[in-house]
Amino acid sequence: MPIDHSLAVPPFLYGTAWKEDRTAALTELAIRTGFRGIDTANQRRHYYEAGVGQALAALYREGLVSRPDIFLQTKFTYKDGQDHRLPFDPSAPVSVQVAQSMTSSLEHLETDYVDSFVLHGPASGYGWTRIDAEAWQAMIKELEAGRTRMIGVSNVSLRHLEQMVDSRDHKPVFVQNRCFARLGWDREVRAFCKQHNIIYQGFSLLTANVDVLRQPLIRSLAEQLNATQAQVVFAFARLIGMLPLTGTTDAEHMRQDLASLDLNLAPDWVNAIESIAG
Ligand SMILES: NC(=O)c1ccc[n+]([C@@H]2O[C@H](COP(=O)([O-])OP(=O)(O)OC[C@H]3O[C@@H](n4cnc5c(N)ncnc54)[C@H](OP(=O)(O)O)[C@@H]3O)[C@@H](O)[C@H]2O)c1
């Protein structure tokens, strides 16, 4: 019987990108507000992973939450996606870089395991390469060693996924992608995920779809439901089976994003939003 990973995954992830020295305070606020899933990366260029660790340590000390209450996701990022602050030796083979990045993440996050370890993006936009296969094998080793509970991939196309699955590699539990409404909200990749029992994580649901949020359909639904347009989009995402991310820096938006979990949309509305732009 396939393992139902969704049981261990909260319904909304709080993203910690681009928060720099506000990372610890905002992560703490997100958890106090009710988020239990945290997304970060060992990529100092866009994330301050150690700040996430500081927030968690403070909350554990206070007793508000303990490690098992939190779904913690981090990523391995190739050298090309990093700046000079590398969490690995760039001259080492990729498999060693993956292990070094994980060791560094565990130090930053002050833990001995993460719940999910994600390949931040394949080496090439065109397909799943030998380098990706090497990184993925190294991630499987982390899984087997118990340093992560699940593994995933990010910024992937249908082609990447098909090639990855063809190669009979261990399947990802997660796909994390930027979700454009003009691509039917990543329809092809979502369909593949559904078929292969992979959980689709969507980011930039608001920022990649600014025009869609202004459309009359979303506006009138928001009005009818006494909700915000952002809440309608997050509720829609959940109802089509997506695990949404938000990286809001605003306390009220944090509350609203979580409250969207209680918002229901009729199936006809969900279908209309799904094809609103593509
Ligand atoms: N795998 C990858 O390559 C990748 C790439 C990008 C992001 N991510 C992950 O996804 C997370 C989210 O990133 P994102 O690209 O979706 O953008 P985001 O950081 O969530 O930004 C959302 C923007 O929308 C605004 N906003 C307005 N109303 C909002 C509401 N009700 N709720 C939330 N935001 C609202 C926010 O402003 P306020 O701050 O004022 O609310 C913010 O400017 C990141 O932190 C990161 O963890 C992953």
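These entries record what I looked up in a predicted model of one protein chain.

**Entry 1: overall form**

I began with the secondary structure and counted 11 helices and 8 strands in the protein chain. I then asked whether the radius of gyration agrees or disagrees with that of a compact globule. For 278 residues the expected value is near 19 Å, and the protein chain has 18 Å, which agrees. Along the principal axes, the C-alpha atoms fill a box of roughly 55 × 45 × 40 Å.

**Entry 2: burial, contacts and surface**

I looked up the share of buried residues: 53% of the 278 residues count as buried. For contacts between residues at least 6 apart in sequence, I noted that 72% join residues at least 24 apart. The accessible surface comes to about 12700 Å², and carbon and sulfur atoms account for 51% of that area. On charge, I recorded 27 positive and 32 negative side chains, with the centres of the two sets 2 Å apart.

**Entry 3: the nonpolar cores**

Nonpolar side chains tend to be buried together in soluble globular proteins. I therefore looked up the cores, and the largest nonpolar core has 68 residues. Val153, Val175 and Trp185 have the most contacts inside this core. Helix H9, residues 229–239, gives the most to the core, with 7 residues. Apart from this core lies another, of 10 residues, which includes Leu13, Met150, Ile199 and Leu243.

I then listed the neighbours of Trp185, leaving out residues up to four places away in sequence. Among them are Val233 and Phe236, both of which are buried residues of H9. Trp185 also touches Cys179, Phe180, Leu205, Val212, Met242, Ile273 and Ile276. Its list of contacts further includes Arg190, Asn209 and Glu274.

**Entry 4: helix H9**

I asked which elements cover the buried residues of H9. The cover includes helices H7 (210–213), H8 (216–225), H10 (251–259) and H11 (267–274), together with strand S8 (243–246). H9 is mostly covered, since 8 of its 11 residues are buried. The buried residues are Ala230, Gln231, Val232, Val233, Phe234, Ala235, Phe236 and Ala237. After H9 comes Gly241, which has a positive phi near 95°.

**Entry 5: positive phi outside glycine**

I noted two residues that are not glycine and yet have a positive phi: Ser204, at about 60°, and Asn226, at about 55°. Ser204 sits in the loop between strand S7 (199–203) and H7, whereas Asn226 sits in the loop between H8 and H9. I then asked of Ser204: buried or exposed? With a relative accessible area of 14%, Ser204 is buried, because it falls under the 20% cut-off. Asn226 has 74% relative accessibility and so counts as exposed.

**Entry 6: two single residues**

I looked up Ser104, which lies in helix H3, residues 94–109. Ser104 has a relative accessible area of 14% and is therefore buried. Leaving out residues up to four places away in sequence, Ser104 touches Asn42, Glu49 and Pro87.

Pro216 lies in helix H8. At 62% relative accessibility, Pro216 counts as exposed, because the value is over 50%. I also recorded the separation of Pro216 and Ala266: 50 residues in sequence, and 17 Å in space from C-alpha to C-alpha.

Definitions and conventions: Residues are numbered from 1 along each chain as its sequence is written. This is a predicted model: local features need pLDDT of at least 70, side-chain atom pairs count only at pLDDT 80 or more; totals for chains, interfaces and linings use all residues. Side-chain values use heavy atoms; hydrogens and water are left out. Helices (H or I, at least four residues) and strands (E, at least two) are DSSP runs, numbered from the N terminus. The radius of gyration is taken over C-alpha atoms; the globule rule is 2.2 Å times the number of residues to the power 0.38. Buried means under 20% relative accessible area, exposed over 50%, partly exposed in between (1.4 Å probe, protein chains only). Contact means heavy atoms within 4.5 Å. Accessible areas come from the Shrake-Rupley method with a 1.4 Å probe; for residues, only the protein chains shown count as cover. Lys and Arg count as positive and Asp and Glu as negative; His and the chain ends are not counted. The place of a charge is taken as NZ of Lys, CZ of Arg, CG of Asp or CD of Glu. A nonpolar core is a set of buried Ala, Val, Leu, Ile, Met, Phe, Trp, Tyr and Cys residues joined through side-chain atoms within 4.5 Å.
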